[in-house]
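Reader: Please take one part of this model and look at it closely. I would like to begin with a single loop residue and then see how the surrounding strands are put together.

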Amino acid sequence: MFGLHRRNTTLNVVLLLYWVACFATSPVLSITVTTPAELHASKGDLVTLSCTFVSTSRPTSKMSVDWSYRPQTGGPPQTFFHFSSRAFPPTDGQFGGRIRWQGTPARGDASIALVNATLNDNGTFTCSVRNPPDVHGSPTSHTVLTVAPKAPSVRFSDVAVLLAFILLPSGLITLILIGRMFCHKEPRSQSKAYRSPIEVTEGEEYGNVPPRTKEKGATCCELYLMDSDEEDLHYDIKTRPPADEDYVESRC
């Protein structure tokens, strides 16, 4: 009776150890893969599709990495990249020649780079890592990539030309105007100043107009030097009766 009880106790211990081993090893032998939930890029950019993993076992030659893609319009995912001891990038198709391996399995990195992103690359990228005997956990992770049209950029040469043709002439004109504003003007001489016809100078306001200089009559010598036409004219003037009482005939 005592021997039977002891045998049952041993059997229970064995069963308990078996169940502990089954449930305890499962969480330990697992792998976890992590990727960004979303990525945003512009057309023509180099996009790094980051993928990291944590495994309880050291990566060996049996470890493998697969990248698959599902378009934004829907459809089944298609594997376009595979790594197993070395990288196997696509040589044709949508991603042909545009995938670069950037991972380091020893550091838990399984990232790739997408060269010259296009609007057709919008969709879901899935990273899947296998590292036997770690076959449990979360071996896959997804990233949604959104590629937008590239915003137009202004080149430095365009800005330089714009400054040369707009700002430089404007600055030159401004300097000229400032120079004319601050340029010292000499005061005009009073004798050369313009006088209005109705302007009255000092001494004229009371009718005190200075007497005009009396015109000097022609002398005999001057008359002698006149030509015949002028001599006739002078003769007519002398023989004409005086129109004014103050007229004085010239005498030789």
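**A loop residue and the sheets around it**

Author: Ser-57 lies in the loop between strand S4 (52-55) and strand S5 (64-71). The model is a predicted one, and what follows should be read with that in mind. Ser-57 counts as buried because its relative accessible area is 17%, and the cut-off for buried is under 20%. Leaving out residues up to four places away in sequence, Ser-57 touches Asn-131, Pro-133 and Asp-134.

The two strands that flank this loop belong to separate descriptions, and S4 can be taken before S5. S4 is part of an open sheet of three strands, with the order S4-S1-S11 and mixed pairing. The edges of that sheet are S4 and strand S11 (136-138), each pairing on one side only. On average, and with direction ignored, its neighbouring strands are turned by 15° against each other. Strand S1, residues 30-34, pairs with S11 in the parallel sense over three bridges. Within that pairing, Thr-32 has Ser-138 of S11 as its bridge partner.

S5, on the other side of the loop, sits in an open sheet of six strands. The order there is S2-S12-S10-S5-S6-S7, again with mixed pairing. Strand S2 (38-42) and strand S7 (86-88) form the edges, and each of them pairs on one side only. The average turn between neighbouring strands of this sheet is 20°, direction ignored.

Within this sheet, S5 has S10 on one side and S6 on the other. The pairing of S5 with S10 is antiparallel and runs over eight bridges. Trp-67 stands opposite Cys-127 of S10. S5 and S6 also run antiparallel, joined by five bridges. Here Tyr-69 is matched with Gln-78 of S6 as its bridge partner. S5 and S6 form a hairpin with six residues between the strands, where Gly-74 takes a positive phi near 105°.

The S5-S6 pair also contributes to a pocket. The second largest pocket has a volume of about 170 Å³. S5 and strand S6 (78-84) each supply at least two residues of its lining, and the largest share, three residues, comes from S6. The lining includes Tyr-69 and Gln-78, the two residues that are bridge partners across S5 and S6. Pro-71, Pro-76, Thr-79 and Phe-80 are also among the lining residues, as are Pro-90, Asp-92, Gly-93, Gln-94 and Phe-95.

At the other end of the strand order, S2 and strand S12 (residues 140-148) pair in the parallel sense over five bridges. Glu-38 has Val-144 of S12 as its bridge partner. S12 also holds His-142. This residue is partly exposed, with a relative accessible area of 48%. His-142 and Ala-37 are 105 residues apart in sequence, while their C-alpha atoms are 6.6 Å apart in space. Neighbours within four places in sequence aside, His-142 is in contact with Thr-35, Pro-36 and Ala-37, among others. The other contacts of His-142 include Thr-124, Phe-125 and Thr-126.

One charged pair remains to be placed. A search of the whole structure finds one salt bridge. It joins Arg-98 and Asp-121, with the closest N and O atoms 3.0 Å apart. Distant parts of the chain are linked by this pair, its members being 23 residues apart. Arg-98 is in the loop between S7 and strand S8 (99-101), and Asp-121 is in the loop between strand S9 (112-114) and strand S10 (123-130). The pair thus touches on loops next to two strands of the six-stranded sheet, S7 and S10. Both Arg-98 and Asp-121 are buried, as is Ser-57.

For the setting as a whole, the protein has four helices and 12 strands. Of its 252 residues, 20% count as buried. Among contacts with a separation of 6 or more, residues 24 or more positions apart account for 56%. The approach of His-142 to Ala-37, 105 residues away in sequence, is one example of a long separation along the chain.

Key: Residues numbered from 1 in each chain as written. Predicted model: local features only at pLDDT ≥ 70, side-chain atom pairs only at ≥ 80, totals over all residues. Heavy atoms only, no water. Pairing = 2+ DSSP bridges. Axes fitted to C-alpha atoms, helices over the stretch in contact; angles between N-to-C directions. Salt bridge = Lys/Arg side-chain N within 4 Å of Asp/Glu carboxyl O. Buried < 20%, exposed > 50% of the residue type's maximum accessible area, 1.4 Å probe, protein only. Contact = heavy atoms within 4.5 Å. 1 Å grid on protein atoms, 1.4 Å probe; cavity = no way out; pocket = protein on both sides within 12 Å on 5 of 7 lines; lining within 4 Å. Points joined across faces, edges and corners; volume = space filled by probe spheres on them.
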